[in-house]
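Let us walk through this model together, one neighbourhood at a time. Keep the viewer open and follow along as we go.

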Amino acid sequence: MGRTKDAIAEGLSIATAAARLTVRNRILVETIARGGHFDGEVFAEFARETLRALATEQDQAADRVTQQRKRAWGRFSDSSGTHDYRDRDTRNLRRRARQSHGVAKELRAFAGDAERVDALVAAARAAAWGDVEANLSKRLDVEGMTADADPDYATMRRARMDALRMVDLARLASQAKKRAKEQAAAAGDEAEAPAPKKKKSTSA
């Protein structure tokens, strides 16, 4: 039972992290993107729904494994693939089903514990604020960066100057040559053009 309990604890930890991430994303959308207000009870209810949905997924996974175990019973031929189970796999499949049901049970207990749900929402809220704070800090650092404050300024300045010499100046030189050729061609056309004849004046 030690292995099963450890597997259930690990599965619960993973599911809890997934629930916290889902709640965090919901907080970001509702309070930041849509300009709403943070209502702890609203998000607590959403957290409970999320935990119950994850529990349902675990039960469904257990049911699938149970069906696979039943199909594998009494089959002793060679397996043709990863999920083509045989009789020798039934013990492991039974354990996996038990673990999934155990995680589902723990998730439902979690959803029914107000203190744990509130703690999950508080952690999700802190994570959401951490994301916002990090993004704001990064944006301010970029917009307020000066040559003295930027440790990479000298390196990036050299890169920008190299780009200017290799790309921008070369392009400008090419454009200048093109314009010079066009102007020379236009001047040649004007030189070769015959001068207009003057009309003879007639005296009365």
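A residue counts here as buried under 20% relative accessible area, as exposed over 50%, and as partly exposed in between, using a 1.4 Å probe and protein chains only. This is a predicted model, in which local features need pLDDT of at least 70 and side-chain atom pairs count only at pLDDT 80 or more, while totals for chains, interfaces and linings use all residues. Residues are numbered from 1 along each chain as its sequence is written, and side-chain values use heavy atoms, with hydrogens and water left out.

Let us begin with the charged pairs. Side chains of opposite charge can pair when their charged atoms come close. The term salt bridge means a side-chain nitrogen of Lys or Arg within 4 Å of a carboxyl oxygen of Asp or Glu, and the whole structure holds 5 of them. One of these links Arg26 to Glu30, at 3.5 Å from N to O. Arg26 is partly exposed because its relative accessibility is 35%, and Glu30 is also partly exposed, at 24%. Helices are DSSP runs of H or I with at least four residues, strands are runs of E with at least two, and both are numbered from the N terminus. Arg26 and Glu30 lie 4 residues apart in helix 1, so about one helical turn separates them. An α-helix has 3.6 residues a turn, so residues three or four places apart point the same way.

Helix 2 (residues 40-72) offers another such spacing, since Glu45 and Arg48 are 3 residues apart there, about one helical turn. Their closest N and O atoms are 3.0 Å apart in a salt bridge. Shared partners join Glu41, Glu45 and Arg48 into one network of salt bridges. The bridge between Glu41 and Arg48 has an N to O distance of 2.8 Å. How does burial vary across this trio? Arg48 counts as buried because its relative accessibility is 14%, whereas Glu41 is partly exposed at 48% and Glu45 is partly exposed at 31%.

Now turn to the rings. Rings of Phe, Tyr and Trp (its six-membered ring) pair if their centres lie within 6.5 Å, and the pair is stacked with planes under 30 degrees apart, edge-to-face over 60 and tilted for the rest. The structure has 1 aromatic pair. In that pair Phe38 and Phe43 are stacked, with 5.1 Å from centre to centre and 20° between the planes. Phe43 is buried, at 4% relative accessibility, while Phe38 is partly exposed, at 29%.

Phe38 also has a charge over its ring, a term that asks for NZ of Lys or CZ of Arg within 6 Å of the ring centre and within 35 degrees of the ring normal. The charged end of Arg125 is the one placed there, 4.0 Å from the centre of the Phe38 ring. Arg116 sits in a similar way over the ring of Phe110, 4.1 Å from its centre.

Phe110 leads us to helix 3 (residues 90-111), which has 22 residues. Among the buried residues of this helix are Leu93, Val103, Leu107 and Phe110. Phe110 is also a partner of Thr16: beyond neighbours within four places in sequence, Thr16 is in contact (heavy atoms within 4.5 Å) with Phe110 and Leu120. Thr16 belongs to helix 1 and is buried, at 13% relative accessibility.

Definitions and conventions:
Expected span 1.5 Å × (residues − 1).
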